[in-house]
Structure formats: structure tokens, C-alpha cells
Amino acid sequence: MHETLCALIIAATTMAAQSSCPSDWSGVWQGELDGQPSIVLTLAQDNGALGGTLVFNIINRDGGQPRIIAHEPHTIMQPRLDDARFSFQLKRIDASASPMNFSVELTWHDHAKIHCLNCGDDAPTVEITRQD
Amino acid sequence: MHLTLCALIIASTTVAAQSGNTSDWVGVWQGELDGIPSVVLTLAMDDGTLQGTLVLNGINNDGGKPHIAVRETHVLLHPTLSGESLLFAIKGLRSSATTMNFSVQQTSSTSAKIHCLDCGENAPVVDVTKQD
């Protein structure tokens, strides 16, 4: 009985952690590098569907203190929500190339990991946190 | 004939003014209050049209140091360029059914003024600056 109850609680907790609705994603999500925001993902659903922007910040460490030297803003395309995973595309600088495919996976409340699926083997997985 | 030519010239000039500087808007535009970002407008055109997000930060001055107490994230609805101005709507605050209409007027290549057109007579005009 005790074991069954524990299994049910674990199953329910796992399901709650994996499922999500669009409102769970709305907000400003930020990943940092050297204490500077390197990725800013802004999501909202004004038109009913989840949409938004993603900004890559270029950080320069020359001269000591890291600082943002350039911003590369994108509007997200083909957004798709699939349980705890949010997928979308971004246009590459070379517009003739195929778009970048991104996946954002909720790991816990207000925490997620973002990864570019077709940016090469070295493409990092970046932890992002929703800002209060 | 002369009138027709004039009309065509005026029409083509207007179209050029509205479409020729779209890329000038791409970037991260930020307005500050007490040294803290109060408005962040992110614009890009990955799908060929100007789209973006607006973040309204509620700043609290209580207890000494000003800090962001609440964030409202929005996706721009119906963004339209009209001369030197960008017009768009966002869904009302706290997901109300109404929409708020905004005008952003460029005053230079890196500065603009943003104003809510239907938020009452006391709605402030906020200076925003394009981030490097």
C-alpha cells in the first residue's frame, strides 16, 4: 500500500513537471555568460498563440570586464508547444540557408534548457531562467 | 497627364518612405526609469515583416533601491510602419479583452518616443534608445 502510494505520487509529480500550457511559458527567459545576459527569450500570447522574440547578445571579454557589444534580435517562427518542449525556428544571417531549429525544454518551474538542433555538434545547451 | 505623373511620384515616394527604412527599426529599444529598464521593445524581421515583443516592467521604489517588481510581456499585434512611426497594438494588461494601441516615433537612428494612444491623457511619452 505504501509503495503503491509512493509510485502514484512520483507518477503524478513527473506528469506535472512534464506537461505545460502556453501561459507557463509567457515571460522573459534569460541565459547568462560571465554574468551578462547572453540569450533573452521573450514569450507572450497576445494573439492567443505563444509567440515572441529571441535576442543573442554578443559578449566581449577584452579589456577585463565582460560587456555586451552587439545584439542580434530575432522573431521566432513556427512556434510549437509539445508538453514540456517548446520548438521554434530562427532565420540565419545567411537567409538562403535553412532556418535554425531550436528546442526549449522545461526542466523545472522557471528553469529551462535551450539548444539549437542544427547548429553543429558544438552547439551548446544553455540554461535559461524566467525573470521574476 | 501632368497631374497623373505627380500622383504617381507622390505615391511611389510614400511607398518608399514606408518600406525603405524597415530594417532601421530592427533591434532592441529600451526606455529607463530610475536607471532601470522600464520598457523593452524588441523588433526583428525573420519572416520578412517587422514583428516583435514589448516588455513593460513595473518598477518599485519602495525600500530604497528601485527594482523591477513585475513584468508584462507582449507580442506586437498588427505592427505597421507609417512614415517615421511604428504603430502596433498589444493585448490589455493582465490579459484583459481590450487592446492598447501604441505609437513609436523615431527621432534619430538610435532614439524614439513611445506612447500609448488610448491609455488616458496622463499616459507618458517615454524616450527609448536603440541598444548597441
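A nonpolar core is taken here as a set of buried Ala, Val, Leu, Ile, Met, Phe, Trp, Tyr and Cys residues joined through C-beta atoms within 7 Å. The model analysed is predicted. Its largest nonpolar core has 41 residues. Within this core, L41(A), L41(B) and I90(B) touch the most other members. Strand 2 of chain B, residues 36-44, gives the most to the core, with five residues. In soluble globular proteins, nonpolar side chains tend to be buried together.

The surroundings of I90(B) were examined further. Residues up to four places away in sequence were left out of its contacts. Within chain B, I90(B) touches L54(B), H74(B), L76(B), L77(B), T99(B), M100(B) and F102(B). Across to chain A, I90(B) touches D46(A).

The two chains meet through 22 residues of chain A and 22 residues of chain B. On the side of chain A that touches chain B, the elements giving two or more residues are strand 1 (27-33), strand 2 (36-44), strand 3 (51-60) and strand 4 (67-75) of chain A. Strand 4 of chain A supplies the largest share, six residues. By class, this side of chain A has nine nonpolar, 11 polar and two charged residues.

Chain B has one helix and nine strands. Along the sequence, the elements of chain B follow the pattern α-β-β-β-β-β-β-β-β-β. Chain B has 132 residues, of which 27% count as buried. Contacts in chain B between residues at least 6 apart in sequence were also examined by separation. Of these, 27% join residues at least 24 apart.

Technical notes. Residues are numbered from 1 along each chain as its sequence is written. Chains are lettered from A and ligands numbered from 1 in the order in which they are written. This is a predicted model: local features need pLDDT of at least 70, side-chain atom pairs count only at pLDDT 80 or more; totals for chains, interfaces and linings use all residues. A residue is buried if 20 or more other C-beta atoms lie within 10 Å of its own, exposed if 12 or fewer, and partly exposed in between; C-beta atoms are placed from the backbone. Helices (H or I, at least four residues) and strands (E, at least two) are DSSP runs, numbered from the N terminus. Two residues are in contact if their C-beta atoms, placed from the backbone, lie within 7 Å. Ala, Val, Leu, Ile, Met, Phe, Trp, Tyr, Cys and Pro count as nonpolar, Asp, Glu, Lys and Arg as charged, and the others, Gly among them, as polar.
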